[in-house]
Amino acid sequence: MVSETLIEILRCPNCVRTTGGELKLHKNAWFICNDCGRKYPIVDDIPVMLIEEGDKWINTTDDKLPVPPPAK
């Protein structure tokens, strides 16, 4: 499980400098950017905060995200 402190400080690496990049936690398995819609998986309790990873899931609706996220 991702710590509350980490949840509060994590931001979307694509949006952090322009719009803030606030993230919402989805099913304790994904971070979803409120600004751009990129989705970052949490694998083995570690958020994968790479823009390229967020790009892979940008067109997937929240309800279609696999839980747990696939490991690489």
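pLDDT is the predictor's confidence in each residue, from 0 to 100.

**Figure 1. Confidence along the chain of this predicted model.** The chain averages a pLDDT of 94, and 99% of the residues score at least 70. Among the parts of the chain, confidence is lowest in helix H1 (residues 4-9), where the mean is 91, and highest in strand S2 (residues 30-33), where the mean reaches 98.

**Figure 2. The hairpin of strands S1 and S2.** Strand S1, which covers residues 23-26, pairs with S2 in the antiparallel sense, and four bridges join the two. One of the residues concerned is Leu-25, whose bridge partner in S2 is Phe-31. Three residues lie between the strands of this hairpin, in which Lys-27 takes a positive phi near 55 degrees.

**Figure 3. The largest nonpolar core and the surroundings of Tyr-40.** This core has 11 residues, including Val-2, Ile-7 and Leu-10, the cysteines Cys-12, Cys-15 and Cys-33, and also Phe-31, Tyr-40 and Met-49. At least two residues of this core come from S2, and at least two from strand S3 (39-43). When residues up to four places away in sequence are not counted, Tyr-40 touches, among others, Cys-12, Pro-13 and Asn-14, as well as Leu-23, Phe-31, Met-49 and Gly-54.

**Figure 4. A separate core that includes Leu-65.** Apart from the largest core lies another of five residues, among them Ala-29, Ile-32, Trp-57 and Leu-65. Leu-65 is found in the segment after helix H2 (51-56), and with a relative accessible area of 6% this leucine is buried. Leaving aside neighbours within four places in sequence, Leu-65 is in contact with His-26, Trp-30, Ile-32, Lys-39, Trp-57 and Thr-60. Between Leu-65 and Ile-51, which are 14 residues apart in sequence, the C-alpha to C-alpha distance is 17 Å.

**Figure 5. The aromatic pair of Trp-30 and Trp-57.** A search of the whole structure finds one aromatic pair, and it is formed by Trp-30 and Trp-57 in an edge-to-face arrangement, with 4.9 Å from centre to centre and 70 degrees between the planes. Because Trp-30 lies in strand S2 and Trp-57 in the segment after H2, the pair ties together parts that are 27 residues apart in sequence. Both partners are buried: the relative accessible area is 0% for Trp-30 and 16% for Trp-57, and buried here means under 20%.

Technical notes
Residues are numbered from 1 along each chain as its sequence is written. This is a predicted model: local features need pLDDT of at least 70, side-chain atom pairs count only at pLDDT 80 or more; totals for chains, interfaces and linings use all residues. Side-chain values use heavy atoms; hydrogens and water are left out. Buried means under 20% relative accessible area, exposed over 50%, partly exposed in between (1.4 Å probe, protein chains only). Contact means heavy atoms within 4.5 Å. Two strands pair if DSSP finds at least two bridges between them. A nonpolar core is a set of buried Ala, Val, Leu, Ile, Met, Phe, Trp, Tyr and Cys residues joined through side-chain atoms within 4.5 Å. Rings of Phe, Tyr and Trp (its six-membered ring) pair if their centres lie within 6.5 Å; planes under 30 degrees apart count as stacked, over 60 as edge-to-face and the rest as tilted.
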